[in-house]
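I opened this entry to look up charged pairs, strand pairing and one annotated region. My notes follow in the order in which I checked things.

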Amino acid sequence: MRRGWPFYAQLGLTVLLCLFIVVPIVMSALAGVTVNVFKGLSSGLTLRWIFEVWDLYAQSILLSLWLAVACLVVTTLAGVPLAYVLVRRPNRLTRMFEEILTLPVAIPGLALALALLITYGGFGSFRSSWVFILIGHVLFTMPFMVRSVAAVMSAMDMKTLEEGAASLGAGFWHRFLHVIMPNAMPGILAGALMVVTLSIGEFNLTWMLHTPLTKTLPVGLADSYASMRLEIGSAYTLIFFVLIMPLLIAMQMLANPGKKRRAALQPAEDE
Amino acid sequence: MNATAMAQPGSQTVQTEKTGGTRIELARCTKTFPDGTRALLPFDLTINGGETLVLLGPSGCGKTTILRLIAGLEFPDAGGKITFGEDDVTRQSIEKRRVGMVFQSYALFPNMTVAENVAYGLKVQKVERRERDERVRAMLEMMHIDMLADRRIDQLSGGQRQRVALARAIALRPRVLLLDEPLTALDAKLRVKLRTEINSLLRKLGITAIYVTHDQEEAMALGDRIVVMQKGAIAQIGTPREIYRAPLSPFVADFVGASNRLDGRIEQNSLVLGDVKISLDQIGHAMTGDPIKNGDSNSNSRSGQGLADIYFRADGLAICAPDQGQIRGRVEAISYLGEKSRLTVSGIGESVITLDVDPDFQIAIGDDIHCRFNPERLTVFGRYPDARNAAQAM
Ligand SMILES: Nc1ncnc2c1ncn2[C@@H]1O[C@H](COP(=O)(O)OP(=O)(O)O)[C@@H](O)[C@H]1O
Ligand SMILES: [Mg+2]
């Protein structure tokens, strides 16, 4: 099949754009494993910088992972029931609550952090603990969890499903755990990935909230760019990519459920 | 097929009454929703053990609300009382009532297979594994869906889903089976087929069942008795034959398919329609007294004077030879229905009248025809302001 010039023009543009994004990533990743960036690749490849980053910033990286998990636990435990109430009892109060919940997304992270500092900055040990940052992350990521779960819940006629389960004798908790939760799982998963990704990558808010002992991965990243050799900063970026890429890919796959259904049988015809 | 599965004694928690059906009574029930909607006006209703009662009425008349009161999904206003046999369940929650429900949308659990859906209630009741599997298998067999046991719900057709919903609802041997327009989402042919199946299932189980529908034919086919509802009130309770042949009000007559209406007068024990005069004694069903107080069509108040509404189906008027004709009309449309042709005729009343003829009868649109009434098939109501309004407000 012959294709006209518009096709090739488009293809070219797309490739160019991709290169525009991909090349710096590749360059930066390569810089992280090059012996000497200024001499270029000819100086040879090494894992030395990666190890050095680990030596210097293992604390920050581990703290970030820990924060992401803690943040996920909190947003799931609080967010799923919250989404349930928002969908099941839509009234003025719950709608207002939903708006308030979304605020932290709209407000700049720095402003939110400042508010937290003004309010809780005086509590010394609390101020300097990782829990302080966790609170910031939970505030920031909660709306993503709630929204994602609520979207799935509104699409599944929860009321009738629950009534069906209740007629079979199931009390509230049985219904919630065995009917609502499993059916809301796609939303919970999507929300969870979002929360983890956002928490690991969050910089603005965390930068304001952190103390020398509670540096997270992105804060450490900024730190390394500012004060270390270029190779170390690049190696750090590489580690960040390795952590975040699988999450992004998983999120993309969840967003395309069509592909999963491919194997499923067609609905049967009525006889 | 598998009647034994139903008869075998189950665990104590899930056993139907010995008689095979629980008698249900609603006394002085009303329902007002929080927003002020009075969905149900005060009513009493008794459903006999093992009976299939059909709630029939147009959309919004309160059928679902009655069903939900019985299920325990809504509670009646203060003063109302609901009993299952000897058991006062008025304030009991749905989880404790042991009712089986079939929803219009089926409400099957998408996260479970067919077998898991049917087993759900048994699991909740902690029926032990072996008995559970056995009963699920028996249920699926009885509903002819045993080959679908491991399918996911989204791989089923509408008819199959309906069967799963039924199997799930009766697996626990509930005291009463509640069905809310269960066939509405299906196409016409399947609807008739499933209707027959549900009918024989209900007879076989001997379970008390309440079936909500807005379809007159479905109501006739399934109900031991039919409750016709109108705007939150019970318009008539009776067997299908009574409802069909002896409607108590123009509303009921119209709703169960007597769609032809003519204006007439009642004079000296006769129905008068222009030049036509028919003795009231010949009329199949004449209600010339107060339709509420004198439900009996033989009451002696039928000699009253005044205006009358005449209702009849397509068999109430027939084409005849010109010299025997009582009235004349003009054919506006002909639809061939196979075993008969249905004519739409103008010139007889204010609006058009439908009547049936033999499909081989030679007739064309625009023909003038002569017709005779079949008095046996006429329903006549003396005109009361209330009854009129009710019929028109539909
Ligand atoms: N939860 C509710 N809140 C307020 N009004 C309701 C509610 N449920 C039903 N209604 C009203 O009660 C009336 C009867 O409804 P319903 O029983 O569903 O009718 P049907 O099943 O006969 O179509 C309708 O006017 C409906 O709008
Ligand atoms: Mg309804």
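Before reading any accessibility, I fixed the classes: buried is under 20% relative accessible area, exposed is over 50%, and partly exposed lies in between. I also noted that the model is predicted.

Entry 1, salt bridges. I counted 30 salt bridges over all chains. I started with Lys159(A) and Glu163(A), whose side chains meet in a salt bridge at 3.6 Å, N to O. I placed both in helix H7 of chain A, residues 158-167; because they are four residues apart there, about one helical turn separates them. Is Lys159(A) buried or partly exposed? I read a relative accessible area of 42% for Lys159(A), so this residue is partly exposed. Its partner Glu163(A) has 8% relative accessibility and therefore counts as buried. I then followed the pair further and found Lys159(A) and Glu163(A) in a network of salt bridges with Lys31(B), Arg68(B) and Glu74(B).

Entry 2, two more pairs, in chain B. I found a salt bridge between the side chains of Glu141(B) and Arg137(B), with 2.6 Å from N to O. Both residues sit in helix H5 of chain B (residues 129-142), four residues apart, which is about one turn of the helix. I read 28% relative accessibility for Glu141(B), which counts as partly exposed, and 39% for Arg137(B), also partly exposed. Next I looked at Glu267(B) and Arg265(B), which form a salt bridge with the closest N and O atoms 2.7 Å apart. Glu267(B) is partly exposed at 25% relative accessibility, and Arg265(B) is partly exposed at 36%.

Entry 3, a sheet in chain B. In what order do the four strands of the open sheet run? I read S2-S1-S4-S5 in chain B, with antiparallel pairing. Strand S2 (38-47) and strand S5 (87-88) of chain B are the edge strands, each pairing on one side only. Helix H2 of chain B, residues 63-71, packs on this sheet and touches strand S1 (24-32), S2 and S4 of chain B. I noted an angle of about 60° between the direction of H2(B) and that of S2(B). I then looked at strand S4 of chain B (residues 81-84), which pairs with S5(B) over two bridges in the antiparallel sense. In this pairing Thr83(B) stands opposite Asp88(B) of S5(B).

Entry 4, a hairpin in chain B. I found strand S18 of chain B (residues 341-346) joined to S19(B) by five bridges, the two running antiparallel. Leu343(B) stands opposite Leu355(B) in S19(B). Six residues lie between the strands of this hairpin, in which Gly347(B) takes a positive phi near 90°. Which side chains of strand S19 of chain B (residues 353-357) are buried? I listed Ile353(B), Leu355(B) and Val357(B), which point to one face and are buried, while Thr354(B) and Asp356(B) point to the other and are not.

Entry 5, an annotated region in chain A. I took "domain: ABC transmembrane type-1" from UniProt, where an unreviewed entry lists it for residues 61-251 of chain A. Over residues 61-251 I read 85% helix and 0% strand, with the end C-alpha atoms 22 Å apart. I also looked up Ser125(A), which is in helix H5 of chain A (residues 124-127). Ser125(A) is exposed, with a relative accessible area of 64%. I recorded 35 Å between the C-alpha atoms of Ser125(A) and Val149(A), which are 24 residues apart along the chain.

Conventions. Residues numbered from 1 in each chain as written. Chains lettered and ligands numbered in written order. Predicted model: local features only at pLDDT ≥ 70, side-chain atom pairs only at ≥ 80, totals over all residues. Heavy atoms only, no water. Salt bridge = Lys/Arg side-chain N within 4 Å of Asp/Glu carboxyl O. Buried < 20%, exposed > 50% of the residue type's maximum accessible area, 1.4 Å probe, protein only. Pairing = 2+ DSSP bridges. Contact = heavy atoms within 4.5 Å. Axes fitted to C-alpha atoms, helices over the stretch in contact; angles between N-to-C directions. UniProt positions renumbered as here; feature names shortened; annotations may be inferred.
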